[in-house]
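Let's take a walk through the empty spaces in this model, then stop at one place where two helices meet. Keep the structure open as you read.

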Amino acid sequence: MVASFSLSGSVFAQNPIVIKFSHVVANDTPKGKAAERFKELAEKATKGRVKVELYPNSTLYKDKEELEALQLGAVQMLAPSLAKFGPLGVKEFEVFDLPYIFQNRDVLHRVTEGAVGASLLAKLEPKGITGLGFWDNGFKVMSSNVPMRVPSDLRGKKLRIQSSKVLDAQMRALGANPQVMAFSEVYQALQTGVVDGTENPPSNLYTQKMHEVQKHVTMTNHGYLGYAVIVNKKFWDGLPADIRSELNKAMKSATQYANAIAQIENDNALEAVKKSGKTSVYVPTEKERAEWVKALMPVQRSMESRIGKELIQSVHKEAQALGLK
């Protein structure tokens, strides 16, 4: 019995803790690269006691399925877009979907790296989820097969969105018809005309080859797309304390890396879109930009009762702290 117990203990010690990390974008996106960095750091820091298995590009779960899979314990780690938490019942996360809520990355990071961000992650705990941090992608641009200089150019167009009441209201404010659709299905929907256009940071647009089936992009920079890196709470709480500590350090470093490369990756992707010759990229004039802002800003007020007026005001206070109006 002693020999048997020693053998089983030895086998257990040799078997690494496996973290299945699923996400829905390509490896060469900011999120994909950050996930690779986390895997590298985590496995090195734990000296092989942890193995991180990456499943990019919806190879394991589509974005409609992955949160349920995490809660059931079928996968241990995700980095879903922040819009995914509203349908989960944590409506406060929809503050990130509000158009023109973040004037720049400095304001954004005061939110995600400060008390507001921490309080939002804490709201996931009752759902069986532990939040580890926020990863940037970038600010979104509009794409379609028609030129888009002003909001009225999108009137009547079918535009793909994530499942979000805020994004639905945003598109309706533009006179467009929002179409909820899984990220992995967007390229084919654009190609076949099921939808006319979409919104994405340039890195997603380019790596998913959406620019090949969209003739026009307008640099509206109207909204933000970011991710929360999350783990199954039961799994996380059950890890040895020293392992959890090392993984937290690895995540902190990976988060710094993710947020440092996001803007560079999007700038490079935008240049690649331009060089492809398949899509024209338009930058609105100041007057045209003012029309986009005028059309979309009312969405912020209309969503106060859903998201929380105080939460929205707390974001504006972070902007004011930087001297912005």
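The largest cavity holds about 160 Å³ of space. Bear in mind that this is a predicted model. In total, the structure has 2 cavities of 30 Å³ or more.

Who surrounds the largest cavity? Its lining comes to 18 residues, and Ser81, Lys84, Gln162, Phe183 and Leu225 sit nearest the centre. Three elements give two or more residues to that lining: strand S6 (158-161), strand S8 (197-200) and strand S10 (224-232). As for chemistry, the lining of the largest cavity is made up of 7 nonpolar, 4 polar and 7 charged residues.

The second largest cavity has about 50 Å³ of space. Around it you'll find Ser81, Leu82, Ala83, Phe96, Asp97, Lys140, Gln162, Tyr224, Leu225 and Gly226. Sorted by class, the lining of this second largest cavity gives 5 nonpolar, 3 polar and 2 charged residues.

Now for the open spaces. The largest pocket offers about 300 Å³. It is lined by 16 residues, with Thr112, Leu132, Gly133, Phe134 and Thr255 closest to its centre. Helix H5 (115-122), strand S4 (129-139) and helix H10 (241-276) each put two or more residues into the lining of the largest pocket, and H10 gives the most, with 6 residues.

The second largest pocket comes in at about 230 Å³. Of its 14 lining residues, Asp63, Lys64, Lys84, Pro87 and Ser163 lie closest to the centre. Here the elements that give two or more residues are helix H3 (66-72) and S6.

Here is how the two pockets look side by side:

| Pocket | Volume | Lining by class |
|---|---|---|
| Largest pocket | about 300 Å³ | 5 nonpolar, 9 polar, 2 charged residues |
| Second largest pocket | about 230 Å³ | 7 nonpolar, 2 polar, 5 charged residues |

Last stop: a helix pair. How do the axes of helix H4 and helix H14 cross? H4 (residues 105-112) and H14 (residues 309-321) have axes that come within 9 Å and cross at roughly 125 degrees. The two helices are therefore oblique to each other. The handedness of the H4 and H14 crossing is right-handed.

On the H4 side, the contact uses Val107, Arg110 and Val111, which meet Val315, Glu318, Ala319 and Ala321 of H14. By class, this H4 and H14 contact has 5 nonpolar residues, no polar ones and 2 charged ones.

Conventions
Residues numbered from 1 in each chain as written. Predicted model: local features only at pLDDT ≥ 70, side-chain atom pairs only at ≥ 80, totals over all residues. Heavy atoms only, no water. 1 Å grid on protein atoms, 1.4 Å probe; cavity = no way out; pocket = protein on both sides within 12 Å on 5 of 7 lines; lining within 4 Å. Points joined across faces, edges and corners; volume = space filled by probe spheres on them. Helix = DSSP H or I, 4+ residues; strand = E, 2+ residues; numbered from the N terminus. Nonpolar A, V, L, I, M, F, W, Y, C, P; charged D, E, K, R; others polar. Axes fitted to C-alpha atoms, helices over the stretch in contact; angles between N-to-C directions. Parallel < 35°, antiparallel > 145°, perpendicular 65-115°, else oblique. Left-handed = near helix turned anticlockwise from the far one by under 90°. Contact = heavy atoms within 4.5 Å.
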